[in-house]
Amino acid sequence: MTLNCSTLRTYSEHTMQFRLPSNLQTELLAYDPVLKSLARKANPKPKARKSTHPLGNPKGLIPVDVVRESLLDDAITHINSNPAADRYHKFTRITNGEVIVTAILYHYEQCWYAAWLPPQGQEGKYVYGYAFAFKDTQAARNMIPNKITNFIDSYQQIITGRSIMYQHQALVDIELICAGQTSRNWNIPGVASYYTKSKEIHVIIKQFENQLATTIPTWNDTSNIFDRLASKHNLPSILFDSSSDVFDNYWENIDKTTWQASYESLFDLITYHAHNNKYAGETYKEYNKILHIISKPFFKKWIQQQCNQVNETYIDETNEYRDLIRRPWLLMKTLFKRILYVNNIWPDCPIDYYQNHIEQLIGVSFTIYTLRDVTVNWLREHMPVASFFQIIAKHYDKETKDNLTNRIDKELGVYTYRFYDWNDTTSMLTRILEHDPCLKFAPPKRWRIEEFHDYVLAESWKIKNPNQSLPQDLFPTPVRIQLGSSTWSFFQPIDTHQLGEWGQAVRNCVGNASSYAEGVRKKQHFIVLCMIDGKPQFTVQLKVENGLMSVKQIAGLSNARLSAEQEELYTTAFSQALQARENELVSH
């Protein structure tokens, strides 16, 4: 039948209604908002049960012979119900009245971690065990350390509820530790003590680590508790700091477990690396340059004595310090370093000098940097090697008598002293020689470090500071005054270089501080120098104001203050010098 507009109007004006049978009402409930609302009120939806293990429920993380399954389940449930900062549990036992942490369990940043000690009676089977577990989610993969996720395909998959979890468990024995498994696997994520969310977790981790340390031999002077176990059959791991110290290929035909320190093994290290162009082993390659020295019978015996001490301390189970094993070897290397330095300058140095100064060569640090060739050549030409050893010996004797500077080198176990004057002198000497290669820089009159240093400093200062003339209005020429049996001379420096030389002679900063010379040039003050019987004595800064000349500063040698007697003598002599200058002006 065809509907027309009049028909539609008829239906819109007279709505037709049909009462649906009850079964059909139920069938079409979704279309009826009123009945649907009533149905909801009459039959409310049961509330979804909240998961008791939102973080997951890993199984068997810790062996049952360490922690009973029921105790582990309780701990997992407890951790699941706590905020992030409290997601941890430790398992303990009491032994001889002491609480022992036997295992720990914690959840940190999407991952479960566990660690435990072997159960009683199985201590010899392994050192410790560890495990971790995490849900197979993108959030977990983003937060868990790469050390774990990089090997995800090798882990066991466990279905817990609706989740898939990856789990891994491992036992670490002495053999694995000796092979290099020295990581702190009970703290893979590096839980820190300074974050609120990890502060308490870090506490139980540290408690477990401390307990683990009591079950194995450890060094008292290393941070890794496995260092001693790892080196139990590996002396090279103690003596050689890293792979760069010795080329890895060197060990291809040498058993580290039986290697011992000896003159022969050292000689082999030197000769092997001398013919190897790799960067590794550079230190031992250098020793080939002094093989003609250290292969002499005296040094061969001395080296073997150091090696014997290394070996004896290494097998001493009562020794608790790794540094005690290393010291003789490091002493030997320190001596070689000093010999290399001296041999580079004086290749013909008599062997006796080295033999008789071992203590001084080790105890005085003068090898901070490598000398430039120009400096080496100058020292070789002008300075006798005997003078150098005399300087080193004097410095060592002076320092050992001065208790204020005594300093034990922790690695070497002996007193060592920095030789600042020597290093400063050679550094300035290099500056002088490189500034003008054609300069024939003469040696000092005497080879004493103080005089050598000051002599080089004066010349170096001249290079850095161009010479400038200074006014001499007060004393154009030196004025000499006879006071008792002494002759006093007063004069003004003619230029900045003379002022610098004066500063070196009296050991003060008047020549180095540019403000003094600048003030003289600008006529803001006078600098007057005073000699007594031809020897430098006093440096004086004076000012003139309203016709009155006053002393602003006056200093004796090394900036010493004048005594009352010196002040009186100086005042008398300077007054006479001013009067002499006045008479000179009147006569002209």
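Which residues have the most contacts inside the largest nonpolar core? I began my notebook with this question, and I note at once that the model is predicted.

**Entry 1: the cores**

I looked up the largest nonpolar core and found that it has 71 residues. Trp329, Phe366, Leu379 and Trp422 are those with the most contacts inside it. I then asked which helix gives the largest share of this core. That helix is α15, residues 322-345, which supplies 12 residues. I also recorded another core, which lies apart from the largest one and has 35 residues. Among its members are Tyr130, Ile148, Val172 and Ile205.

I next followed Trp422 and left aside its neighbours within four places in sequence. Trp422 is in contact with Tyr341, Phe366, Leu379, Met383, Phe388, Ile449 and Phe452. Two of these partners, Phe366 and Leu379, are listed with Trp422 among the core residues with the most contacts.

**Entry 2: α18 against α20**

I turned to the helices that carry Leu379 and Trp422. Two packed helices are described by the angle between their axes and the distance between the axes. For helix α18 (residues 373-382) and helix α20 (residues 420-435), I noted that the axes come within 9 Å and cross at roughly 105 degrees. Angles of 65 to 115 degrees count as roughly perpendicular, and α18 and α20 are therefore roughly perpendicular to each other.

I listed the residues that meet. Val374, Thr375, Trp378 and Leu379 come from α18. From α20 come Trp422, Thr426, Leu429, Thr430, Leu433 and Glu434. By kind, the residues of this contact are 6 nonpolar, 3 polar and 1 charged.

I then examined one residue of this contact, Thr430, which lies in helix α20. Is Thr430 buried or exposed? Its relative accessibility is 8%, and the cut-off for buried is under 20%, so Thr430 counts as buried. Leaving aside neighbours within four places in sequence, I found Thr430 in contact with Arg372 and Thr375.

**Entry 3: α14 against α15**

I returned to α15, the helix with the largest share of the largest core. The axes of helix α14 (residues 297-315) and α15 come within 6 Å and cross at roughly 155 degrees. An angle over 145 degrees counts as roughly antiparallel, and α14 and α15 are therefore roughly antiparallel to each other.

Which residues make the contact? On the α14 side I wrote down Phe299, Trp302, Ile303, Gln306, Cys307, Gln309, Val310, Thr313 and Tyr314. On the α15 side I wrote down Leu324, Ile325, Pro328, Trp329, Leu331, Met332, Leu335, Phe336 and Ile339. The contact of α14 with α15 divides into 15 nonpolar residues, 3 polar and no charged.

**Entry 4: α11 against α14**

I looked for another partner of α14 and found helix α11 (residues 263-274). These helices pack at an angle of about 105 degrees, with their axes 9 Å apart. α11 and α14 are therefore roughly perpendicular to each other. Tyr263, Glu264 and Leu266 of α11 make the contact with Lys300, Ile303, Gln304 and Cys307 of α14. I counted these residues by kind as 4 nonpolar, 1 polar and 2 charged. Ile303 and Cys307 also appear in the contact of α14 with α15.

**Entry 5: helix α22**

I checked how far helix α22 (residues 496-506) is covered, and 8 of its 11 residues are buried. The buried ones are Thr496, His497, Leu499, Gly500, Trp502, Gly503, Gln504 and Val506. Arg507 follows α22 and has a positive phi, near 60 degrees.

**Entry 6: positive phi in loops**

I recorded Asn96, which is not a glycine and yet has a positive phi of about 50 degrees. Asn96 is found in the loop between β1 (88-95) and β2 (98-108). With a relative accessible area of 81%, Asn96 is exposed.

Glu109 also has a positive phi, near 50 degrees, and is a residue other than glycine. Glu109 lies in the loop between β2 and β3 (111-116). Its relative accessible area is 27%, and Glu109 is partly exposed.

**Entry 7: the whole protein**

I closed with the totals. The protein has 24 helices and 13 strands. Of its 588 residues, 41% count as buried. The accessible surface comes to about 34,200 Å², and 50% of it belongs to carbon and sulfur atoms. Among contacts with a separation of 6 or more, 63% are between residues 24 or more positions apart.

Methods
Residues numbered from 1 in each chain as written. Predicted model: local features only at pLDDT ≥ 70, side-chain atom pairs only at ≥ 80, totals over all residues. Heavy atoms only, no water. Core = buried A, V, L, I, M, F, W, Y, C linked by side-chain atoms within 4.5 Å. Buried < 20%, exposed > 50% of the residue type's maximum accessible area, 1.4 Å probe, protein only. Helix = DSSP H or I, 4+ residues; strand = E, 2+ residues; numbered from the N terminus. Contact = heavy atoms within 4.5 Å. Axes fitted to C-alpha atoms, helices over the stretch in contact; angles between N-to-C directions. Parallel < 35°, antiparallel > 145°, perpendicular 65-115°, else oblique. Nonpolar A, V, L, I, M, F, W, Y, C, P; charged D, E, K, R; others polar. Areas by Shrake-Rupley, 256 points an atom, 1.4 Å probe, with all protein chains shown as cover.
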